[in-house]
Amino acid sequence: MERGVSLFFRGSFILLLFALMISSVSALNIKDLDDNYYYGDQIYFISCTDYLDNLNATISCLDPSKLQRERWSDGCYIFGFDTKDLDCYKVDIALKDPSYTLRRTIEVKDYLVTLVNHLQSTQISSDTDPLELAEMAHGYSLLEKYDRITEILEILKNQRDNDDKCWPSGTCNLQKTVDILYQLSEAGVNSSNRVYKDAILWVQAQQNLADADLIVNYYSNDNTSCIFYVNSASSKTFDIDEEEGNYTFNHTYVSGTNLSFYCDEDYSIDIINAFNEIIYFDDDNNDTNLSFEYTLGCWPQNVGFDCSTLVTSKVLLLDGLDTTSRTKGEDWLTAQLTDTKIKAKKLGTTQNLLRNIYAYNVTGNADVKTWIFYSQNNDGSWGEGNDQLHTTLVAIKAFTKENSEWVNDAVDWVLSYRSSENLNDTEDNSILYDLFKNEKPVIRADPLIPKATSEIIDFQLSTTLPVTGLNHNTSSALSVEATLSDNITENTDVKLMAIDLKDGIWNGFLHLESNLLNKSIPFVFWRAPAISFNYQPTYYVYDREGSIAISYTRSESLDNCTFSFNSIFEDRNAKLDGSAIDFSYVLDVAEDVNITKPVSIQYTCYSPVNQVEGTINFVFRYFSTFPIHVSPTELSIDSKPGNVKILNKLNETITIETSWLKDSDLYSVSPDYEIPIGMELVLPICQELPYENGPVPDSNVLTITALDYDVDVPINIVLNPTTHDLDKCQPSLRNPDMMKWVIIGLIAIFIMILLALILMKIWSMRFLLFKRKKSAETKESGADDGKDSKGKTGKHVKDKSESDPHPKGKHGHKDMDEGEEKLGDDQKHHKKQKPTVIRSTALAEILVALDRKMGESDNQIKDELKHEGYKKKEMKEAAKKLDELEHKMEEAEKKKEEEVKEANGANPEIKDANKKEDKK
């Protein structure tokens, strides 16, 4: 029984352990991983486990730093790596957590990985041939392994000749040095590198500018005599026998000379250099006179005097030659290929294929191209023997941009050839990879796993073929918009925008399709909880009172926020829970005395996963008055523009902004303007466009804003068929105080002129009073002097009248009548003088009274004169003129009195009668 119980528990334990093992195995998994990939692919897979924090992944043949991973979802990571970073092509993937290890093997396949395999099997060492090293540099550049290129350049630097900077050391060979430089240039190395720069200078110095040995061949079907000329001078005479049909001789060519050939019968000719290269020919067999000039500037196969088309062509394909050397070399090469007598079949035998292909790369000569195509083998290849693959690859590379039957046949031959052959040549592997790496389109993303902490992910797609189909899928809670076209080409920018992105991790795939591929690129959005504030850095307070209003938005995961204030809010701490999203505070200048101090608000917000805190700062600016004064408050505009005047009332320059209540292009107004201190802006409102149906009334409201202070000006406008003169509708600044002082000045000038007129009137009256006073005094003194005589005269007349009982009309005495008649005339004259005397006396009394009154106000008048600014000199001159006038008047009065006295003295009777009248 006990044994059965023991077996039961033992069995139960084993089953439990097995169940735990099964659960452990099932907890760790790997998804989205295929078995086969191509070189250049970016590989992604997802792994999920219950022990996510302890999940480790290793990839064989891959630097651990090249493996990327991102949090994909709860319990899962997404991993990614680039096959270009691999050092092998059977890749072991191991995923391990505390409970289990999961392994997978994938294979990276590509018919082009031969290059990679070849480079991996070739050692880089100081003993490696320098040309092989240069070819390896070309291969590594295609694989983007630039660290290996740096290593190769360091070895090449130590392998070169110490004095001449060429290869190999001690026995420099021009053609080998040029081949090394050509492979380095294919790898992207140029004159900015020391090794390359030194070598190209040595190569440039080997340019052939000396004499050369040539072989001249003549051909003719007839017996003929020929003469060979050098610069028009006969150099050689010979005969061609019809039976033999040819004649050959050697000639040493001197630079700059012209060679001419003349025969009696038609002939053809070719000229061959020391490398057995045909540099000139004519096969028409119908010419009797030919001319040739051998242009120097070439490079020989090795140091010497004989030119090589192949070496010269490769040199001219290098970077770093000076302009003179390149020009001379191109002239020489062109002279070998562009003569009008060149025919495709006679350009040379197949031994000249590589030479002519490289020459075509330099010149693009159409005849050379024709000859290369003509020389193609029937199976699509070029050349023969061991050089057949290399020559064919070089030819395909020369015409890689052409879509022709010749090139297509060559490509088919190379692909069929490689299916049964193993390539061991580094240069051929590099050319092959470079030519066919784009046969299978590969889409690559940069970065490898696009990720963003905001709403937009930006990365690049690199592909060799257009992508015709696009779509994307995301986790259910995330909506994404892809801003890219349906036709992606190489290096296309792609933007993914998340809509209503919430806190947390969100993921998805961008799918790209074409007729040759189907690629999915993962992306990750990550958004942390956050809070943002909407507030003004500066709040303006006018005329004692202002207010603040600050709002904020926060992530939903932030449960609550706490705010604390400094400065003027020290005793107004506020705690706002998650439901409150804004607050405001009304500010009173009298109460909040610290208004000029900066204000800061500290905030702390909490979420289940983290805490967000920070500070916002703002300041108040207080003004005792509003910043602007606008006039008029309403404006009507008809045929002429209307002006809005805006006065700056602050002690600082302000900027105003204008806006219309409703948009309109019919009115012209400046959108913003600066107004200096104390200045007034005159802002014209003008009709900018003609209104064809006008005049028609329209209305709008112009809002003028300065330092957050708004003024609305309703404007009624009658739209007219013609516009205002917009050249005159320009805002202008003016100083309103200047206008005020101009008006005050004009008023002051008017008052001064009026006071001057009044003073002149006063002085005129004073002068008249003074004159009357003097006249009256003179009359009084005259009356006193003549009183007795007048009295006596009057008495005498009276007595005579009383004693004479017979006046004129009664008695009729002749003498009496005459006397009476005479007396009557004198009395008439006396009667004429009497009113004047009476008026003078009355006026004298009035003048005396006025003078007394004026005397009492003399001091007041003097004060007024002084107040008006009259100077002492002017007063003296006026007094002097007054004395002169008074003196003249006195003389006139005396003269007049003397005349009266003389008249009275001449007639005693009239004198007595006057006295009698005076007495009465």
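Is C88 buried or exposed, and what is its relative accessible area? I looked this up before anything else, and C88 turned out to be buried, with a relative accessible area of 15%; buried here means under 20% relative accessible area, exposed means over 50%, and partly exposed lies in between, with a 1.4 Å probe and protein chains only.

Before going on, I noted that this is a predicted model, in which local features need pLDDT of at least 70 and side-chain atom pairs count only at pLDDT 80 or more, while totals for chains, interfaces and linings use all residues. Residues are numbered from 1 along each chain as its sequence is written, and side-chain values use heavy atoms, with hydrogens and water left out.

**Disulfides**

I then turned to the disulfides, each a pair of cysteine sulfur atoms within 2.5 Å, and found that the structure holds five of them.

C88 is paired with C61, and their sulfur atoms are 1.7 Å apart. The link of C61 and C88 is right-handed, with 105° about the S-S bond. I placed C61 in the loop between β4 (56-59) and β5 (68-73) and C88 in the loop between β6 and β7 (90-97), so the pair ties together parts that are 27 residues apart in sequence. Strands (E, at least two residues) are DSSP runs, numbered from the N terminus. C61 is partly exposed, at a relative accessible area of 30%.

Next I looked at C48 and C76, which a disulfide joins with an S to S distance of 1.8 Å. This link of C48 and C76 is right-handed, with 105° about the S-S bond. C48 lies in strand β3 (residues 42-48) and C76 in strand β6 (residues 76-82), so this pair ties together parts that are 28 residues apart in sequence. Both C48 and C76 are buried.

Further along the chain I found C686 joined to C729, S to S 2.0 Å. The torsion about the S-S bond of C686 and C729 is about -105°, so this disulfide is left-handed. The pair links distant parts of the chain, with C686 in strand β37 (residues 680-687) and C729 in the loop between β39 (709-719) and β40 (732-734), 43 residues apart. C686 counts as buried at 2% relative accessibility, and C729 does too at 8%.

**Nonpolar core**

Last, I looked up the largest nonpolar core, which has 95 residues; such a core is a set of buried Ala, Val, Leu, Ile, Met, Phe, Trp, Tyr and Cys residues joined through side-chain atoms within 4.5 Å. The residues with the most contacts inside this core are F45, I59, F81 and L184. Leaving aside neighbours within four places in sequence, I59 is in contact (heavy atoms within 4.5 Å) with residues including F45, L67 and F81.

Technical notes
Helices (H or I, at least four residues) and strands (E, at least two) are DSSP runs, numbered from the N terminus.
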